[in-house]
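Work through the exercises below with the model open beside you, and try each task before reading its solution.

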Amino acid sequence: MSFSLPDFSWMAWTWPTVIFFIVIALLLIGMGVWEYAVPGGNPRIGILRFETTRGDRLFLSLLGAAFIHLAWLGLGGPDLWWALAISVVYAIGVFRYV
C-alpha cells in the first residue's frame with residue numbers, strides 16, 4: 001500500500017507553503033473556539049498603551065513573524081528555523097505583554 005501526498009503544484013505551492021496556511025487556519029479556528037468558550041476577547045492595555053484583544057495580539061504576532069522572516073531571509077539566508085524560533089518567542093511576548 002503506497003501513500004502519496006496531494007499535489008499542490010497547480011497553485012505553485014510547496015509543502016512548506018501548505019503547512020503555513022494550515023497552521024494559520026488552525027490558529028484562526030483555535031481563536032474562534034477560544035472566543036466561543038470565553039467571549040469578550042480579554043481586552044487589556046499593555047506596553048503599547050492601547051487596548052488590544054486576543055485577535056489583535058494574534059494579528060500583531062503574525063505581522064511581526066512575517067517581518068522577522070523577511071528580515072531573516074534578507075540578512076541570514078534561506079534557513080528559517082532560527083527565524084521561526086524568534087517568531088515564537090516574539091508571539092509569546094506579544095500575548096504576554098501587549
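The four exercises that follow concern a predicted model, and each is solved step by step.

**Exercise 1.** Determine which residues pair in a salt bridge, and decide for each partner whether it is buried, partly exposed or exposed.

*Solution.* Begin with the general idea that side chains of opposite charge can pair when their charged atoms come close. The rule applied here asks for a side-chain nitrogen of Lys or Arg within 4 Å of a carboxyl oxygen of Asp or Glu, and by this rule the count comes to one salt bridge. The side chains that meet are those of glutamate 35 and arginine 54, with 2.7 Å from N to O. Because glutamate 35 lies in helix α1 and arginine 54 in helix α2, the pair ties together parts that are 19 residues apart in sequence. For the last step, recall that buried means under 20% relative accessible area and exposed over 50%, with partly exposed in between. Glutamate 35, at 32% relative accessibility, is therefore partly exposed, whereas arginine 54, at 4%, is buried.

**Exercise 2.** Work out how helix α2 is oriented relative to helix α3.

*Solution.* First locate the two elements: helix α2 covers residues 54-75 and helix α3 covers residues 81-97. Next take the geometry of their packing, in which the angle is about 155° and the axes are 9 Å apart. Since angles over 145 degrees count as roughly antiparallel, α2 is roughly antiparallel to α3. Finally, add the handedness: the crossing in which α2 passes α3 is right-handed.

**Exercise 3.** Identify the residues that make the nonpolar surface patch, and find which helix gives the most to it.

*Solution.* The patch, of about 670 Å², is made by Phe3, Leu5, Trp15, Ile19, Val23, Leu27 and Leu62. Helix α1, which spans residues 15-37, gives the most to this patch, with four residues. Now consider one member from elsewhere in the chain: leucine 5 lies in the segment before α1, and its relative accessibility of 51% means that leucine 5 counts as exposed.

**Exercise 4.** For asparagine 42 and arginine 49, state where each lies and what its phi value is.

*Solution.* Asparagine 42 is found in the loop between α1 and β1 (44-45), and its phi is near 50°, a positive value in a residue other than glycine. At 42% relative accessibility, asparagine 42 counts as partly exposed. Arginine 49 lies in the loop between β1 and β2 (51-52), where its phi is near 65°, again a positive value in a residue other than glycine. With a relative accessible area of 64%, arginine 49 is exposed.

Technical notes
Residues numbered from 1 in each chain as written. Predicted model: local features only at pLDDT ≥ 70, side-chain atom pairs only at ≥ 80, totals over all residues. Heavy atoms only, no water. Patch = residues over 30% accessible without salt bridge, like charges linked within 9 Å, V, L, I, M, F, W, Y side chains within 5 Å. Areas by Shrake-Rupley, 256 points an atom, 1.4 Å probe, with all protein chains shown as cover. Buried < 20%, exposed > 50% of the residue type's maximum accessible area, 1.4 Å probe, protein only. Axes fitted to C-alpha atoms, helices over the stretch in contact; angles between N-to-C directions. Parallel < 35°, antiparallel > 145°, perpendicular 65-115°, else oblique. Left-handed = near helix turned anticlockwise from the far one by under 90°.
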